[in-house]
Amino acid sequence: KEESKLDLISRCIRPFPDFPSEGILFRDICPIMKSPAALTAVIDLFEQHVLECHPVVDLIVGIDARGFLFGPLLAQRLGVGFVMVRKKGKLPGPTVSVAYTLEYGTAEAEVQEDSVSPGQKVILIDDLLATGGTLFAACELMKKLLAEVLGCLVVVSLKDLSGADKLKPHTVFPLIQY
Ligand code: PRP
Ligand code: ADE
(Lines give C-alpha, C1' and ligand atoms only; values in the text may rest on other atoms or scores of the structure.)
(Ligands and ions follow the chains in the order given, each with its own letter.)
Protein backbone atom coordinates (compact mmCIF):
# COMPACT_ATOMS: atom_id res chain seq x y z
CA LYS A 1 0.00 0.00 0.00
CA GLU A 2 2.78 2.43 0.96
CA GLU A 3 4.77 1.48 -2.11
CA SER A 4 1.82 2.58 -4.20
CA LYS A 5 1.75 5.95 -2.44
CA LEU A 6 5.43 6.40 -3.28
CA ASP A 7 4.76 5.30 -6.87
CA LEU A 8 1.97 7.83 -7.14
CA ILE A 9 4.28 10.58 -5.89
CA SER A 10 7.28 9.66 -8.03
CA ARG A 11 5.11 9.64 -11.16
CA CYS A 12 4.39 13.31 -10.37
CA ILE A 13 8.02 14.50 -10.38
CA ARG A 14 9.40 15.67 -13.74
CA PRO A 15 13.06 16.28 -14.68
CA PHE A 16 13.98 19.43 -16.63
CA PRO A 17 17.62 19.54 -17.83
CA ASP A 18 19.51 22.85 -17.68
CA PHE A 19 16.98 24.73 -15.53
CA PRO A 20 17.38 27.33 -14.06
CA SER A 21 20.94 27.24 -15.41
CA GLU A 22 23.15 24.97 -17.49
CA GLY A 23 24.13 21.71 -15.81
CA ILE A 24 21.24 21.67 -13.32
CA LEU A 25 18.70 18.85 -13.56
CA PHE A 26 15.62 20.48 -12.08
CA ARG A 27 13.14 18.14 -10.36
CA ASP A 28 9.72 19.75 -10.81
CA ILE A 29 7.10 18.90 -8.18
CA CYS A 30 4.26 20.98 -9.70
CA PRO A 31 2.37 17.86 -10.89
CA ILE A 32 2.06 16.75 -7.25
CA MET A 33 0.09 19.92 -6.58
CA LYS A 34 -2.24 19.14 -9.51
CA SER A 35 -3.01 15.66 -8.16
CA PRO A 36 -5.12 15.56 -5.00
CA ALA A 37 -4.23 11.88 -4.57
CA ALA A 38 -0.49 12.48 -4.84
CA LEU A 39 -0.60 15.49 -2.50
CA THR A 40 -2.58 13.47 0.03
CA ALA A 41 -0.03 10.66 -0.26
CA VAL A 42 2.80 13.09 0.52
CA ILE A 43 1.08 14.38 3.64
CA ASP A 44 0.05 10.83 4.69
CA LEU A 45 3.66 9.60 4.56
CA PHE A 46 5.03 12.66 6.38
CA GLU A 47 2.32 12.39 9.05
CA GLN A 48 3.04 8.69 9.56
CA HIS A 49 6.78 9.36 9.92
CA VAL A 50 6.28 12.17 12.42
CA LEU A 51 3.81 10.17 14.54
CA GLU A 52 6.26 7.25 14.64
CA CYS A 53 9.57 9.07 15.09
CA HIS A 54 8.68 12.43 16.67
CA PRO A 55 5.48 11.95 18.68
CA VAL A 56 5.97 15.26 20.53
CA VAL A 57 6.34 18.24 18.19
CA ASP A 58 5.38 21.88 18.77
CA LEU A 59 5.67 23.48 15.33
CA ILE A 60 6.23 22.72 11.66
CA VAL A 61 8.68 25.18 10.07
CA GLY A 62 8.43 25.51 6.27
CA ILE A 63 10.95 26.97 3.82
CA ASP A 64 10.10 29.68 1.26
CA ALA A 65 8.58 28.95 -1.21
CA ARG A 66 7.89 25.31 -1.94
CA GLY A 67 8.07 24.27 1.71
CA PHE A 68 4.90 26.36 2.08
CA LEU A 69 3.01 23.97 -0.19
CA PHE A 70 3.36 21.00 2.16
CA GLY A 71 4.08 22.44 5.61
CA PRO A 72 0.68 23.92 6.48
CA LEU A 73 -1.14 20.76 5.35
CA LEU A 74 1.08 18.61 7.56
CA ALA A 75 0.77 21.03 10.50
CA GLN A 76 -3.03 20.89 10.27
CA ARG A 77 -2.97 17.09 10.21
CA LEU A 78 -0.81 17.07 13.33
CA GLY A 79 -2.80 19.80 15.05
CA VAL A 80 0.22 22.09 15.48
CA GLY A 81 1.15 25.54 14.19
CA PHE A 82 3.13 26.47 11.07
CA VAL A 83 6.02 28.94 10.89
CA MET A 84 7.50 30.51 7.74
CA VAL A 85 11.22 30.79 7.02
CA ARG A 86 11.21 33.42 4.27
CA LYS A 87 13.62 34.94 1.81
CA LYS A 88 15.06 38.16 3.24
CA GLY A 89 12.94 41.29 3.38
CA LYS A 90 9.51 39.67 3.43
CA LEU A 91 8.77 39.45 7.16
CA PRO A 92 7.77 42.44 9.34
CA GLY A 93 9.01 43.09 12.86
CA PRO A 94 12.20 41.84 14.52
CA THR A 95 13.82 39.00 12.59
CA VAL A 96 16.98 36.91 12.56
CA SER A 97 18.62 36.07 9.25
CA VAL A 98 21.40 33.97 7.75
CA ALA A 99 23.03 33.96 4.31
CA TYR A 100 23.50 30.68 2.44
CA THR A 101 24.33 29.10 -0.90
CA LEU A 102 22.14 26.58 -2.71
CA GLU A 103 22.64 24.40 -5.78
CA TYR A 104 22.13 27.29 -8.20
CA GLY A 105 22.83 30.52 -6.32
CA THR A 106 22.90 32.42 -3.06
CA ALA A 107 20.16 33.78 -0.84
CA GLU A 108 19.35 34.94 2.66
CA ALA A 109 16.77 33.27 4.92
CA GLU A 110 14.87 35.03 7.66
CA VAL A 111 12.43 34.20 10.44
CA GLN A 112 10.52 36.35 12.94
CA GLU A 113 12.20 36.44 16.34
CA ASP A 114 8.97 35.53 18.15
CA SER A 115 8.02 32.71 15.77
CA VAL A 116 9.55 29.96 17.90
CA SER A 117 10.15 30.06 21.67
CA PRO A 118 13.32 28.73 23.31
CA GLY A 119 13.07 24.98 23.84
CA GLN A 120 10.22 24.41 21.38
CA LYS A 121 10.51 21.25 19.30
CA VAL A 122 10.28 21.90 15.56
CA ILE A 123 10.35 19.90 12.35
CA LEU A 124 11.63 21.60 9.18
CA ILE A 125 9.98 20.89 5.84
CA ASP A 126 10.87 21.69 2.22
CA ASP A 127 10.10 20.21 -1.17
CA LEU A 128 13.65 19.23 -2.03
CA LEU A 129 17.13 18.68 -0.58
CA ALA A 130 20.02 19.38 -2.99
CA THR A 131 23.29 20.68 -1.44
CA GLY A 132 21.57 21.18 1.90
CA GLY A 133 22.51 24.87 2.00
CA THR A 134 18.91 25.98 2.43
CA LEU A 135 17.90 23.55 5.18
CA PHE A 136 21.25 24.10 6.93
CA ALA A 137 20.48 27.84 7.01
CA ALA A 138 17.03 27.10 8.44
CA CYS A 139 18.68 24.96 11.15
CA GLU A 140 20.98 27.90 11.94
CA LEU A 141 17.96 30.17 12.33
CA MET A 142 16.34 27.67 14.71
CA LYS A 143 19.59 27.53 16.68
CA LYS A 144 19.57 31.33 17.01
CA LEU A 145 16.06 31.09 18.47
CA LEU A 146 17.15 28.24 20.79
CA ALA A 147 14.62 25.86 19.24
CA GLU A 148 15.16 22.12 19.20
CA VAL A 149 15.22 20.72 15.64
CA LEU A 150 13.81 17.19 15.71
CA GLY A 151 14.48 16.56 12.02
CA CYS A 152 13.89 17.64 8.43
CA LEU A 153 11.31 16.38 5.92
CA VAL A 154 11.64 16.63 2.13
CA VAL A 155 9.67 15.18 -0.75
CA VAL A 156 12.82 14.76 -2.89
CA SER A 157 16.47 14.28 -1.98
CA LEU A 158 19.30 14.42 -4.54
CA LYS A 159 21.80 11.87 -3.18
CA ASP A 160 24.87 12.91 -5.19
CA LEU A 161 24.84 16.40 -3.69
CA SER A 162 25.30 15.01 -0.13
CA GLY A 163 22.86 17.41 1.49
CA ALA A 164 22.15 14.91 4.27
CA ASP A 165 25.85 14.96 5.28
CA LYS A 166 25.82 18.74 5.50
CA LEU A 167 22.82 18.62 7.84
CA LYS A 168 24.32 16.18 10.35
CA PRO A 169 23.62 15.62 13.20
CA HIS A 170 20.12 16.59 12.07
CA THR A 171 18.28 13.83 10.24
CA VAL A 172 16.49 14.08 6.90
CA PHE A 173 13.45 12.01 5.95
CA PRO A 174 13.04 12.00 2.14
CA LEU A 175 10.11 10.34 0.37
CA ILE A 176 11.91 9.98 -2.99
CA GLN A 177 15.66 9.86 -3.71
CA TYR A 178 17.48 10.40 -7.01
C1 PRP B 1 14.98 25.26 -3.87
C2 PRP B 1 14.25 24.16 -3.12
C3 PRP B 1 14.98 24.14 -1.80
C4 PRP B 1 16.41 24.48 -2.20
C5 PRP B 1 17.27 23.26 -2.18
O6 PRP B 1 14.50 26.50 -3.47
O7 PRP B 1 12.87 24.46 -2.98
O8 PRP B 1 14.49 25.12 -0.91
O9 PRP B 1 16.34 25.04 -3.51
O10 PRP B 1 18.60 23.51 -2.58
P11 PRP B 1 19.86 23.29 -1.61
O12 PRP B 1 19.66 22.01 -0.88
O13 PRP B 1 21.04 23.25 -2.54
O14 PRP B 1 19.92 24.45 -0.68
P15 PRP B 1 14.71 27.90 -4.23
O16 PRP B 1 15.70 28.70 -3.46
O17 PRP B 1 14.96 27.68 -5.67
O18 PRP B 1 13.36 28.67 -3.95
P19 PRP B 1 11.81 28.51 -4.29
O20 PRP B 1 11.30 27.39 -3.42
O21 PRP B 1 11.33 29.83 -3.87
O22 PRP B 1 11.64 28.21 -5.75
N1 ADE C 1 16.58 23.21 -5.67
C2 ADE C 1 17.92 23.03 -5.70
N3 ADE C 1 18.29 22.17 -6.64
C4 ADE C 1 17.13 21.76 -7.25
C5 ADE C 1 16.85 20.84 -8.29
N6 ADE C 1 17.83 20.16 -8.90
N7 ADE C 1 15.55 20.66 -8.65
C8 ADE C 1 14.56 21.36 -8.03
N9 ADE C 1 14.78 22.23 -7.04
C10 ADE C 1 16.05 22.43 -6.65
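Select V42, I43, F46, E47 and V50 in helix 3, then F70, L73, L74, R77 and L78 in helix 4: these two sets meet each other. By class, this contact between helix 3 and helix 4 holds 8 nonpolar residues, no polar ones and 2 charged ones. The model on screen is a predicted one.

**Helix 3 against helix 4**

Extend the selection to the full elements, residues 36-53 for helix 3 and residues 67-78 for helix 4. Their axes come within 10 Å and cross at roughly 55°. Angles between 35 and 65 degrees fall in the oblique class, so helix 3 and helix 4 are oblique to each other. The crossing of helix 3 past helix 4 is right-handed.

**Helix 1 against helix 3**

Keep helix 3 displayed and add helix 1, residues 2-10. Here the axes are 9 Å apart and the packing angle is about 125°. That angle makes helix 1 oblique to helix 3. Helix 1 passes helix 3 in a left-handed crossing.

Which residues of helix 1 meet helix 3? Pick K5, L8 and I9; across from them in helix 3 are A37, A38, A41, V42, D44 and L45. The classes in this contact are 7 nonpolar, no polar and 2 charged. V42 has already appeared on this tour, in the contact of helix 3 with helix 4.

**The loop between strand 1 and strand 2**

Go next to strand 1 (14-17) and follow the chain into the loop that leads to strand 2, where P20 has its place. The peptide bond from F19 to P20 is cis, with omega near 0°. Select D18 as well, which sits in the loop between strand 1 and strand 2. Phi of D18 is near 60°, a positive value in a residue other than glycine.

**The loop between strand 3 and helix 4**

A second cis peptide link to display is the one joining D64 and A65, with omega about -5°. A65 lies in the loop between strand 3 (59-63) and helix 4.

**Ligand 1**

Stay on A65 and bring ligand 1 into view. How many residues surround ligand 1? There are 17, and the closest are A65, L102, A130, T131 and T134. Two elements give two or more residues to this shell: strand 7 (121-129) and helix 5 (133-144). Strand 7 gives the most, with 4 residues. Coloured by class, the shell around ligand 1 divides into 7 nonpolar, 5 polar and 5 charged residues.

**Ligand 2**

Move to ligand 2 and select the residues around it: I24, L25, F26, R27, L102, E103, L128, A130 and L158. L102 and A130 are in this list, and both are also among the closest residues to ligand 1.

Which strand gives the most to the shell around ligand 2? That is strand 2 (residues 25-28), with 3 residues. By class, the shell has 7 nonpolar and 2 charged residues, with no polar ones.

**The whole chain**

Finish by zooming out and colouring by secondary structure: the protein has 6 helices and 9 strands. Drawn along the principal axes, the box filled by the C-alpha atoms is roughly 40 × 40 × 30 Å. A compact globule of 178 residues would have a radius of gyration near 16 Å, and the 15 Å of this protein therefore agrees with that expectation.

Note on methods:
Residues are numbered from 1 along each chain as its sequence is written. Chains are lettered from A and ligands numbered from 1 in the order in which they are written. This is a predicted model: local features need pLDDT of at least 70, side-chain atom pairs count only at pLDDT 80 or more; totals for chains, interfaces and linings use all residues. A residue is near a molecule or strand if its C-beta atom, placed from the backbone, lies within 6 Å of it. Ala, Val, Leu, Ile, Met, Phe, Trp, Tyr, Cys and Pro count as nonpolar, Asp, Glu, Lys and Arg as charged, and the others, Gly among them, as polar. Axes are lines fitted to C-alpha atoms, for helices over the stretch in contact, and angles run from 0 to 180 degrees between N-to-C directions. Angles under 35 degrees count as roughly parallel, over 145 as roughly antiparallel, 65 to 115 as roughly perpendicular and the rest as oblique. A crossing is left-handed if the near helix is turned anticlockwise from the far one by less than a right angle, and right-handed if clockwise. Two residues are in contact if their C-beta atoms, placed from the backbone, lie within 7 Å. The radius of gyration is taken over C-alpha atoms; the globule rule is 2.2 Å times the number of residues to the power 0.38.
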